[in-house]
Amino acid sequence: MSKSHHESAHHEPARQRGALLTIAIILVVFHCILYTALAFPAIREQGLAESSVLLVLFLLCALADIVAGVAMWFWKRWGINLFVVAGVTTAVIVLIATASMIMFIGAFLHMVIVGYIVYPRLKYFN
């Protein structure tokens, strides 16, 4: 058995992001920026006693979404986990602060879409 054959037997499969996964990862970051710009004023206007805590958590989740998008670009599985945690937390914060199902769906729907696109390629993330 030649050395090159032995090395190729343990080589991991080639990662090809493809157009759809590339768009999905860009969507993570773009959605975060756009949704934060739209939802931040709505949360701030509610005047709830806990709104300052909600605003801080909301902004931390936005930052986490951006970090998750970058991590997913580099094939890091923890980026997917961070994306899910930040997305669910954002959706809950928006629902508590605004009581708007439309805003809740806006926070949650992109996670479902990105998850559907990422799931078949999950084996490439480490």
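Me: What makes up the lining of the largest cavity, by class?
Reply: In this predicted model, the lining has 6 nonpolar, 5 polar and 1 charged residues. The lining includes Asp 65, and Asp counts as charged. Gly 87 is also among the lining residues, and Gly counts as polar.

Me: Which residues line the largest cavity, and which helices supply at least two of them each?
Reply: The lining is formed by His 31, Cys 32, Tyr 35, Thr 36, Phe 58, Cys 61, Ala 62, Asp 65, Gly 87, Thr 90, Ala 107 and His 110. Helix 2, helix 3 (51-73), helix 4 and helix 5 (101-118) each supply at least two residues.

Me: How many cavities of 30 Å³ or more does the structure hold, and what volume has the largest cavity?
Reply: There is 1 such cavity. The volume of the largest cavity is about 70 Å³.

Me: Why are helix 2 and helix 4 called roughly parallel or antiparallel?
Reply: Helix 2 (residues 18-45) and helix 4 (residues 77-98) pack at about 20°, with axes 11 Å apart. Angles under 35 degrees count as roughly parallel, so helix 2 and helix 4 are roughly parallel to each other. Their crossing is left-handed. On the helix 2 side the contact is made by Val 28, Tyr 35, Ala 42 and Ile 43, and on the helix 4 side the residues include Phe 83, Thr 90 and Val 94. By class, this contact has 8 nonpolar, 2 polar and no charged residues.

Me: How do you know whether helix 4 and helix 5 are roughly parallel or antiparallel?
Reply: Their axes come within 8 Å and cross at roughly 165°. Angles over 145 degrees count as roughly antiparallel, and therefore helix 4 and helix 5 are roughly antiparallel to each other. The crossing is left-handed. Among the residues in contact are Gly 87 and Thr 90 of helix 4, and Ala 107 and His 110 of helix 5. These four also line the largest cavity. The contact of helix 4 with helix 5 divides into 15 nonpolar, 4 polar and no charged residues.

Me: What makes helix 2 and helix 5 roughly parallel or antiparallel?
Reply: Helix 2 and helix 5 pack at about 170°, with their axes 10 Å apart. With the cut-off at 145 degrees, helix 2 and helix 5 are therefore roughly antiparallel to each other. The contact residues include His 31 and Tyr 35 of helix 2, and Ala 107 and His 110 of helix 5. This contact has 14 nonpolar, 3 polar and no charged residues.

Methods
Residues numbered from 1 in each chain as written. Predicted model: local features only at pLDDT ≥ 70, side-chain atom pairs only at ≥ 80, totals over all residues. Heavy atoms only, no water. Axes fitted to C-alpha atoms, helices over the stretch in contact; angles between N-to-C directions. Helix = DSSP H or I, 4+ residues; strand = E, 2+ residues; numbered from the N terminus. Parallel < 35°, antiparallel > 145°, perpendicular 65-115°, else oblique. Left-handed = near helix turned anticlockwise from the far one by under 90°. Contact = heavy atoms within 4.5 Å. 1 Å grid on protein atoms, 1.4 Å probe; cavity = no way out; pocket = protein on both sides within 12 Å on 5 of 7 lines; lining within 4 Å. Points joined across faces, edges and corners; volume = space filled by probe spheres on them.
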